[in-house]
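Colleague: I would like to go through this model with you and ask what stands behind each label.

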Amino acid sequence: MKILLAEDDANIASLVTDKLHREGYLVEVLANGPDVWETGETGDHDAIILDLGLPGMDGLSILKRWREAGLDTPILVLTARGSWMERVDGFDAGADDYLPKPFRGEELLARLRALLRRSGRTPSRVKAADRFTLDEQARRITFDGRELDLSPLEYRMLSVFIERPGVVLTSAELASQVQGRDDDAAKNAVEAMVARLRKKTDSAAIETKRGFGYVLPEKRP
Ligand code: CA
């Protein structure tokens, strides 16, 4: 399950990301309004958690544009202000649920689960990509039919690849999706993790595109 978290408060973003990661969600975190708008519109996420107060473009305008463009991703709106006016505006603009700050992580998770359930997005299917299979419910990944023994970070990183076979992922993208940040330390950790995953699978399981990033090869004939 892939969640877009649009939140410009770094503390809240990192707390929520931690919570979501522990529940096995993949998280893409963005803080800038226009980036959020563009990325959300791809429809590439199972749900979106949207803070209304974002720099560059406010959350309410983003939400309206998405719905006008026909985006049907379930959206949970966060707001610091918590006034009933905002809540009404949010629902009018197409929010599926609403959570005022401050909130407890457990409540956010419960709302998110309910939202995903209502929209029929349940992590039931087993995905296959190249020589891998991913069972999100059992948090299990197999390679050539053999179950891999993975740390939570390794599991998350492989899930990102399995969700997007054939797509070249940069170290920065992988770092931000796996660890919630893309500084140099996180990018170096990605490199080390790719090396470990190759050892646990096969040196060709994840390919390097020199100067660009890494890719899980598309299913071979
Ligand atoms: Ca904010």
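Modeller: What follows is a round of questions on the labels, each answered with a value and its cut-off. The model is predicted: local features need pLDDT of at least 70, side-chain atom pairs count only at pLDDT 80 or more, and totals for chains, interfaces and linings use all residues. Residues are numbered from 1 along each chain as its sequence is written, and side-chain values use heavy atoms, with hydrogens and water left out.

Colleague: What makes Ala192 "partly exposed"?

Modeller: Its relative accessibility is 37%. Buried means under 20% relative accessible area, exposed over 50%, and partly exposed in between (1.4 Å probe, protein chains only). So Ala192, at 37%, counts as partly exposed. Ala192 sits in helix 8 (residues 184-200). Helices are DSSP runs of H or I with at least four residues, strands are runs of E with at least two, and both are numbered from the N terminus.

Colleague: How do you know that Arg156 has no salt bridge?

Modeller: A salt bridge needs a side-chain nitrogen of Lys or Arg within 4 Å of a carboxyl oxygen of Asp or Glu. Lys and Arg count as positive, Asp and Glu as negative; His and the chain ends are not counted. For Arg156, the nearest side chain of opposite charge is Asp18, 6.6 Å away. The label therefore fails at the 4 Å cut-off. Arg156 is buried all the same.

Colleague: Where is Arg156, and what is it in contact with?

Modeller: Arg156 belongs to helix 6 (residues 152-163). Contact means heavy atoms within 4.5 Å. Leaving aside neighbours within four places in sequence, Arg156 is in contact with His21, Tyr25, Leu26 and Val178.

Colleague: Val178 is in helix 7, I see. What covers the buried residues there?

Modeller: The buried residues of helix 7 (residues 171-179) are Leu174, Ala175, Ser176, Gln177 and Val178. Their cover includes strand 1, helix 1 (10-22), strand 2, helix 6, helix 8 and strand 11 (213-215). Just after helix 7, Gly180 takes a positive phi of about 75 degrees.

Colleague: Why is the pair of Phe132 and Phe143 called tilted?

Modeller: Rings of Phe, Tyr and Trp (its six-membered ring) pair if their centres lie within 6.5 Å; planes under 30 degrees apart count as stacked, over 60 as edge-to-face and the rest as tilted. Here the centres are 4.9 Å apart, with 50 degrees between the planes. So the rings pair, and the pair is tilted. The structure holds one aromatic pair. Phe132 lies in strand 7 (residues 132-135) and Phe143 in strand 8 (residues 140-143), so the pair ties together parts eleven residues apart in sequence. Both rings belong to buried residues.

Colleague: How do you know that strand 7 and strand 8 pair?

Modeller: Two strands pair if DSSP finds at least two bridges between them. Strand 7 and strand 8 have four, and run antiparallel. They therefore pass. One of the bridges links Asp135 to Arg140. Four residues lie between the two strands of this hairpin, and Arg139 in the turn has a positive phi of about 50 degrees.

Colleague: What makes strand 2 and strand 5 edge strands in the open sheet?

Modeller: The order of the five strands is 2-1-3-4-5, with parallel pairing. Strand 2 (26-30) and strand 5 (97-100) each have a single partner strand, so one side of each is left without a neighbour in the sheet. Further in, four bridges join strand 1 (residues 2-6) to strand 3 (residues 47-51). Among them, Ile3 has Ala47 as its partner.
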